[in-house]
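Please open the model in your viewer and keep the sequence panel beside it, since each stop on this tour asks you to select a few residues before reading on.

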Amino acid sequence: MTVVFIFCFIVASVGIVLALDLTPKRIGQEVSTLFNREQSLRERALLARGKKKQNKLLRYLEQVYRALADTGKEGQFGVACAVSLLLMAAGVIIAVAINNLFLAPVLAVALATVPFVYLRRTVDMYEDQIRLNLETTLQCVTSSYERTRNLETAVQESLQNIKPPIRGIFEAFLAEINSVTPDVETAITHMKEQINDVVFEDWCDGLIACQGDNQLIDTLSPIVERLRDMKLINSELKVTISENRREYLIMALMVVANIPLLYVLNKDWYAALMYTTFGKVTLAGCGLGILITWFLLNKYTKPVEYKR
C-alpha cells in the first residue's frame with residue numbers, strides 16, 4: 001500500500017509540474033518576485049524604524065539571489081529552487097517509505113535547504129577571495145594615491161598588482177572616466193556598488209571626499225587598516241570555528257549512527273524506535289534538533305565583519 005501511495009504522489013507531482021509549466025526559470029522568477037516587489041511608503045518607514053522585520057527566510061533567499069546576481073550567476077537561483085522542490089518531495093517520500101509521517105516535515109525542510117546551502121558556500125568562497133585580495137588592493141592604490149595625488153594615475157600604477165576579480169572592477173573604473181564620463185565621483189559611486197563590503201564602501205566615500213579636498217587623502221589609510229584588523233581577528237578565530245564545526249558534525253553523526261547500531265545490538269530496541277508511535281516521535285525530535293542546531297551553527301560561526 002505504501003508503494004501505491006508513493007507512486008500516486010509522484011504522478012500527482014509530475015502532473016502539477018506539467019500543468020503549471022513549472023520550469024526552473026519560471027520558478028526562480030516567481031520566488032524572486034517575493035522580495036523584488038515594491039514596498040509601500042508605510043512598510044519602508046516601519047522597516048527603517050525597526051518596527052517591522054523582514055521575514056528571515058525571504059531575507060536569506062534575497063541574500064543568495066543578490067550574491068548570485070553580483071557574480072553573474074542569477075540563472076542558478078531558479079535551478080536551485082526547482083531542485084529544492086524536488087528534494088522536498090523526496091524527503092516526504094522517504095518519510096512515507098519508512099512509515100514515519102512525523103519525520104516528513106523535518107526531512108522535507110532539511111533536503112530542501114541543500115541546494116541553497118551549496119549556493120551560499122559557493123558565494124561565500126567568491127566573497128572570501130575578494131576579501132583576501134581587497135586589503136592588498138586598497139593598500140596599493142592608497143599608497144600610490146598619497147604619492148601622486150591623482151586617482152587615475154594611482155589606479156593605473158597599481159593595476160598590474162591587482163588580482164581578478166577585483167582587477168576587472170578597477171579596469172571598468174578607468175574605462176568609465178576615460179571613455180564614458182570625466183566625472184570621477186560618479187565613476188567611484190559605480191565602483192562602490194560592485195563590492196558588498198562596508199570597509200570598501202567607506203574607502204570609496206573617502207575617495208569621493210578627496211576629490212574636493214586633497215588634504216583628506218591621509219584619511220584613507222586608517223580605513224584600509226580596518227581590513228587588516230578584520231583579517232587578523234578572523235585568522236585567530238578560524239581554528240576555533242573549525243574545531244566547533246568538526247565537533248558538531250561528529251556529534252550529529254553519532255546520533256544518526258545510533259540507528260543502525262541499535263539494529264545490530266538489539267533488534268527489539270530498533271523495532272521500538274522505528275515502528276512504535278513514541279519511537280517515531282523520538283526519531284523526528286532528534287532530526288528536528290539536528291536541523292535547528294545546524295542553522296544555529298551557521299548563524300554563529302560566520303567570519304567577523306566590520307559594521308558601522
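Begin with the lining of the second largest pocket of this predicted model, and select helix 6 (104–112), helix 7 (114–148), helix 12 (220–265) and helix 14 (277–300), each of which supplies at least two residues of that lining. Which of these helices gives the most to the lining? Colour helix 12 separately, for helix 12 gives the most, with 9 residues. The pocket itself has a volume of about 690 Å³, and of the 27 residues that line it, those closest to its centre are Leu107, Val256, Cys286, Gly287 and Ile290. If you show these five as sticks, you will have the middle of the pocket marked out. Colouring the lining by residue class then gives 23 nonpolar and 4 polar residues, with no charged residues.

**The whole chain**

Now zoom out and display the protein chain as a cartoon, in which you should find 14 helices and 0 strands. Reading from the N terminus on, every element in the order is α, as the run α-α-α-α-α-α-α-α-α-α-α-α-α-α shows. Of the 308 residues in the chain, 30% count as buried.

**Salt bridges between helix 7 and helix 12**

A search of the whole structure finds 7 salt bridges, and the next selection takes in some of the residues involved. Side chains of opposite charge can pair when their charged atoms come close. Select Glu135, Glu225, Arg228 and Lys231, which are linked in a network of salt bridges.

Look at Arg228 and Glu135, whose side chains meet in a salt bridge with an N to O distance of 3.2 Å. Arg228 lies in helix 12 and Glu135 in helix 7, so this pair ties together parts that are 93 residues apart in sequence. Next, add the contact between Lys231 and Glu135, where the side chains meet in a salt bridge at 3.9 Å, N to O. This pair also links distant parts of the chain, with Lys231 in helix 12 and Glu135 in helix 7, 96 residues apart.

Is Glu135 buried or exposed? Glu135 counts as buried because its relative accessibility is 12%, and the cut-off for that class is under 20%. Its two partners fall into another class, for Arg228 counts as partly exposed at 33% relative accessibility, and Lys231 counts as partly exposed at 41%.

**Along helix 9**

Move on to helix 9 (residues 166–180) and select Glu171 and Arg167, which both lie in this helix, 4 residues apart, or about one turn of the helix. Glu171 forms a salt bridge with Arg167, and the closest N and O atoms are 3.2 Å apart. Both residues count as partly exposed, Glu171 at 37% relative accessibility and Arg167 at 31%.

While helix 9 is still in view, select Ala172, which also lies in this helix and counts as partly exposed at 44% relative accessibility. Then add Met191 and draw a distance between the two C-alpha atoms: Ala172 and Met191 are 19 residues apart in sequence and 8.0 Å apart in space.

**A nonpolar patch on the surface**

Return to helix 12, this time with the surface switched on, and select Tyr263, which is found in that helix. Tyr263 is partly exposed, with a relative accessible area of 43%. Extending the selection to Leu261, Val264 and Leu265 completes a nonpolar patch on the surface, and together with Tyr263 these residues have about 430 Å² of accessible area.

**Two loop residues with positive phi**

For the last stop, select Asn99 and Arg149 and look at the backbone. Asn99 is placed in the loop between helix 5 (75–97) and helix 6, and it has a positive phi of about 60 degrees although it is not a glycine. Where is Arg149 found? Arg149 is in the loop between helix 7 and helix 8 (151–158), and its phi is near 60 degrees, again a positive value in a residue other than glycine. Asn99 counts as partly exposed at 48% relative accessibility, while Arg149 is partly exposed with a relative accessible area of 37%.

Definitions and conventions. Residues numbered from 1 in each chain as written. Predicted model: local features only at pLDDT ≥ 70, side-chain atom pairs only at ≥ 80, totals over all residues. Heavy atoms only, no water. 1 Å grid on protein atoms, 1.4 Å probe; cavity = no way out; pocket = protein on both sides within 12 Å on 5 of 7 lines; lining within 4 Å. Points joined across faces, edges and corners; volume = space filled by probe spheres on them. Nonpolar A, V, L, I, M, F, W, Y, C, P; charged D, E, K, R; others polar. Patch = residues over 30% accessible without salt bridge, like charges linked within 9 Å, V, L, I, M, F, W, Y side chains within 5 Å. Areas by Shrake-Rupley, 256 points an atom, 1.4 Å probe, with all protein chains shown as cover. Salt bridge = Lys/Arg side-chain N within 4 Å of Asp/Glu carboxyl O. Buried < 20%, exposed > 50% of the residue type's maximum accessible area, 1.4 Å probe, protein only.
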